[in-house]
Amino acid sequence: MELEFIPMDYDSCDIKGKNYIKIYGKTKSGKKICIFDLLEPCFWVILDPKDNAEEVLQTINNKEINYLDRKIKPLSATLHKKKFMSKDVRAIKVAVTNSKDINPLAEMLEKQGLAIHEQDINLITRYIIEKNVRPLVWQKVNGRVLNNDPELFGADKEISCDCILAEQITESKDQPVFQPKVLAFDIESEEFEIGKGKIIMLAIASHNEKKVITWKKTAKKEGLEFVEYVKDEPALLEKFQEYVRKEDPDFLTGYFSDGFDLPYIRARAEYYKMKLDLGCDGKGIKFLRGAINSAKISGIVHMDIYKFIDTVISPNLQSETISLDDVAAELLGEKKHEFDFSADQEDLEKFYRYNLQDALLTEKLFHKLWPNIQELCKIVQEPLFDICRDSYSQLVENYILHNLLRFNEIAVNKPSHHEIAERRLRSKYEGALVKQPVPGLYERVVFFDFTSLYPSMITSFNISPASLTSEKDCHKTPEFELNGKKVSFCFSREESFIPKLVHEIITLRKEIKKQLKDAPSAILSARSYALKTIMNATYGYYGFFAARYYSLECAASITAFGRFYITEVIKKFEQKEYQVVYSDTDSIALTLGDKTEKESLDLLKKINEELPGEISLELEDFYLRAIFVSKRTTTAGAKKKYALINKQGQFKIRGFETVRRNWCNLAREVQNKTIRMILEQGDAERAKKYVEEVIKKVKTRAFDKKEFLIRTQLRKELLEYKSISPHVIIAQKMKELGFPVRPGTLIEFFIAETREKKAMVREKAKMPQEKGEYNIEYYLHHQIIPAVENIFEIFGINLQEISEGRKQKSLGDF
DNA sequence: GCAGCAAGGTTACC
DNA sequence: ACGGGTAACCTTGCTGC
């Protein structure tokens with residue numbers, strides 16, 4: 001038979017010693033199917049030029065080793081002309097019946113002095129590469145329907161959807177839009193600790209159903225049609241399973257469901273000795289170990305969008321946290337329902353609605369992000385499950401691995417633990433250049449940016465470990481210091497595969513952007529975003545110690561070229577008598593002075609003509625005014641702290657406490673308003689009056705306590721802290737009270753008045769709900785005044801003096 | 001007991 | 001272990017008097 005399907009998920013199994021890949025997919029008529037496809041895994045042996053290929057081939061072919069309970073013998077060994085790090089090599093492809101054979105065989109050959117490669121490629125990745133059966137790309141399969149098949153020893157029997165044994169799979173010509181069925185869910189439990197208390201309710205949200213399942217009943221009926229009552233917690237779990245079965249979604253999605261909802265559900269099911277069977281192979285939920293466990297269900301792709309947002313989306317969000325509340329507010333314009341767990345627990349209607357809203361937001365967020373997930377999946381070519389959970393480095397690495405075949409390249413091996421440890425010890429390298437600004441208020445300022453500076457360095461100078469060379473005719477970095485020595489690196493002129501991949505992305509994005517100009521499209525924007533993500537992460541990947549294509553030389557060369565060109569551009573503007581106020585990595589700010597905007601753009605054009613390769617500087621924006629301040633303790637200008645107002649009256653504030661979440665709201669607001677007033681008016685008179693007013697109000701306790709809450713994130717396990725700062729003390733208290741405290745938790749506290757005036761800050765720190773008044777002295781001199789004093793300093797206004805004077809006078813007031 | 005500085009720590013910028 | 005370096009600025013903790 002022949003049919004078309006789209007691969008959503010991949011799994012592997014071992015049937016009588018052979019490797020089969022199970023592809024869970026969907027047919028065009030919307031039916032779920034599972035395709036079995038035989039895979040003969042392989043690895044490579046790269047020959048030394050002096051090796052006799054025939055001899056080595058024979059040795060490998062005759063190898064037969066006993067390993068545990070099985071006899072291992074290579075299926076085949078064939079000689080090929082390949083490339084390794086862009087160089088021509090002779091290599092032997094060794095195919096085996098089962099991936100279990102790879103390690104013992106590879107180890108044995110390695111002992112004989114042979115260079116083994118690609119033995120460490122994940123089986124699914126290998127399958128996708130070898131057979132070109134890409135995720136989310138419609139495929140045409142020829143094969144036969146399985147029905148408790150003797151050839152597979154009935155392996156298909158345990159799978160609840162139709163199974164097909166593939167003979168051949170090829171990409172379909174027709175690629176219609178795939179519209180997945182999604183089920184979002186969210187639980188509410190008695191305790192935060194996994195499995196400790198009962199699950200009170202569980203909300204599901206899909207195209208068909210918006211429901212809360214619960215055993216906790218309320219007398220009220222009308223308006224609560226969305227609530228479905230069950231008799232107890234086991235029945236709730238059963239009901240959930242029933243809905244998952246009935247809905248039979250392609251994707252199950254949650255918010256932090258890898259870390260909370262699914263582990264909790266599993267723990268409760270185990271407690272009742274229930275077998276929870278959500279997938280279609282009777283094997284329940286598999287929990288894979290990692291930094292955070294991930295939960296896999298066969299036949300349904302479980303996507304925890306929290307993780308995806310954390311790594312791929314959040315760098316481009318304004319939100320200060322990646323809580324569901326903040327992210328939904330920014331991406332959907334919708335908030336969670338308000339619910340106070342200590343006060344509202346008994347208001348069940350409120351609780352149900354709160355629970356449902358979480359599932360609804362999760363569902364909506366999923367649909368909003370689906371173009372991004374989908375496009376990244378198609379580009380990187382790894383299964384959806386992994387795409388949502390991979391770090392940047394894994395995305396880049398997989399992107400490279402899935403493209404190597406086009407270059408006839410054999411992959412570099414993963415570094416050993418020992419190698420990783422060694423790389424981590426290698427000294428750091430110099431990064432970007434940041435120019436120190438002179439504090440002051442500037443008028444008519446223009447910002448120029450390099451477009452994708454580091455990717456353009458990679459492509460323009462062919463920077464990759466494979467092109468590092470000692471040839472004379474090459475791209476040579478400017479001289480720079482590395483490990484205390486003056487160095488310079490050379491990269492061959494023949495374009496190597498990683499720069500080529502980056503180049504392709506740049507070209508492709510230009511095309512997409514052109515198309516987007518004519519017609520907006522969520523898919524195309526997502527594609528452009530996914531490509532940008534991969535492209536921008538390549539530099540960091542070179543410098544990442546666990547990367548296959550790690551190269552300190554490359555990472556250091558990229559920043560060296562970057563420093564060189566930004567310096568060149570600064571010089572060029574200065575030669576034409578522009579005052580360069582500031583510069584950070586790839587941006588440059590200058591005052592127009594007596595020149596027109598057009599004159600600056602003409603000069604920009606001329607500079608661009610002189611820049612080599614793909615390197616190009618572009619206009620970011622023109623600004624009416626700009627503020628640069630000094631550092632707190634010295635008169636030197638502070639880097640990475642500035643505020644701008646453009647011609648449309650829009651503000652751009654960078655680095656100031658206003659944008660730092662570990663400062664109290666009032667300090668941030670006062671600074672923000674101060675900056676805005678000054679930028680709008682060009683002087684500090686109104687701002688000064690405003691701040692004086694605020695100081696007065698702080699002293700008379702005219703503000704609400706919550707304006708003084710400080711939020712600081714716990715970055716590691718409580719026990720690992722060497723120095724006990726205020727937020728650590730509070731976290732300890734919270735833990736004792738049974739609140740969930742783990743790395744990543746945002747700790748809220750305020751500094752209170754205490755009898756002991758000289759006490760350390762941490763001794764004055766209190767939880768938000770604790771009794772106590774805010775500490776006037778602390779907030780004035782450690783939050784409010786420090787936030788604005790060096791802004792006023794620009795205008796010769798000494799705020800500390802003003803405040804001190806007032807403080808003397810008003811001492812009796814409190 | 002205290003000043004002064006280094007270390008620890010968080011958050012931002014690009 | 002799960003891109004990178006640069007930088008500001010807080011609090012604690014230690015050293016040396």
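What follows is a walk through a predicted model of a protein chain with two DNA strands, B and C.

Confidence comes first. Chain A has a mean pLDDT of 93, and 98% of its residues score 70 or more. The weak spot to keep in mind is the stretch 806–814, where pLDDT stays under 50. For those residues the model has nine contacts beyond four places in sequence.

On to the DNA, starting with strand C. A total of 35 residues surround DNA strand C, and the closest of them are S391, S393, G431, K639 and K641. Most of what the protein meets on this strand is backbone: sugar and phosphate make up 84% of the DNA strand C atoms that come within 4 Å of the protein. Three phosphate contacts can be picked out. The side chain of Y778 puts an N or O atom 3.1 Å from a phosphate oxygen of DNA strand C. Y392 instead uses a polar backbone atom, 3.4 Å from a phosphate oxygen of the strand, and V761 also uses a polar backbone atom, at 3.5 Å from a phosphate oxygen. As for secondary structure, the elements giving two or more residues to the surface near DNA strand C are α10 (392–401), α14 (522–542), β30 (637–646), α20 (761–764) and α21 (776–792). Sorted by class, that surface has 14 nonpolar, nine polar and twelve charged residues.

Strand B has 19 residues around it, and D586, Y642, R660, Q713 and Y721 are the closest. Here too the backbone of the DNA dominates, with sugar and phosphate accounting for 88% of the DNA strand B atoms that come within 4 Å of the protein. A base is reached as well: an N or O atom in the R660 side chain is 2.3 Å from a base oxygen of DNA strand B. Phosphate oxygens of the strand are met by Q713, through a polar backbone atom at 2.7 Å, and by K716, through a side-chain N or O atom at 2.8 Å. Two elements give two or more residues to the surface near DNA strand B, namely β30 and β32 (710–713). β30 is thus listed for strand C and for strand B. The surface near DNA strand B divides into three nonpolar, seven polar and nine charged residues.

Inside the protein, helix α12 (residues 453–460) is worth a look. Eight of its eight residues are buried, so the helix is largely enclosed by the rest of the structure. They are L453, Y454, P455, S456, M457, I458, T459 and S460. What do the buried residues of α12 pack against? Their neighbors are β21 (440–450), β23 (474–476), α13 (497–518), α14 and α15 (552–575). One of these, α14, also gives residues to the surface near DNA strand C. Just after α12, N462 takes a positive phi of about 55°.

Two other residues call for a backbone check. Most residues other than glycine have a negative phi. N408 goes the other way, with a phi near 60°; its place is the loop between α10 and α11 (417–425), and at 31% relative accessibility it is partly exposed. R701 likewise has a positive phi, near 55°. R701 sits in the loop between α18 (685–699) and β32, and is partly exposed too, with a relative accessible area of 27%.

A further loop residue, D344, lies between α7 (324–332) and α8 (348–380). D344 counts as buried, at 16% relative accessibility. Leaving aside residues up to four places away in sequence, D344 touches F339 and K350. With K350 there is a side-chain polar contact of 3.2 Å.

Last come the cysteines. How many disulfides does a search of the whole structure find? The count is zero. A disulfide is a covalent bond between the sulfur atoms of two cysteines, and the cut-off used here is 2.5 Å. For C474, the closest cysteine sulfur belongs to C490, and because the two sulfurs are 3.3 Å apart, they are too far for a bond. C474 is also buried, with a relative accessible area of 8%. C664 is buried as well, at 0% relative accessibility.

How values were computed
Residues numbered from 1 in each chain as written. Chains lettered and ligands numbered in written order. Predicted model: local features only at pLDDT ≥ 70, side-chain atom pairs only at ≥ 80, totals over all residues. Heavy atoms only, no water. Buried < 20%, exposed > 50% of the residue type's maximum accessible area, 1.4 Å probe, protein only. Near = heavy atom within 4 Å. Polar contact = N/O pair within 3.5 Å; in protein donor to acceptor, adjacent residues only side chain to side chain. Helix = DSSP H or I, 4+ residues; strand = E, 2+ residues; numbered from the N terminus. Nonpolar A, V, L, I, M, F, W, Y, C, P; charged D, E, K, R; others polar. pLDDT = per-residue confidence, 0-100. Contact = heavy atoms within 4.5 Å.
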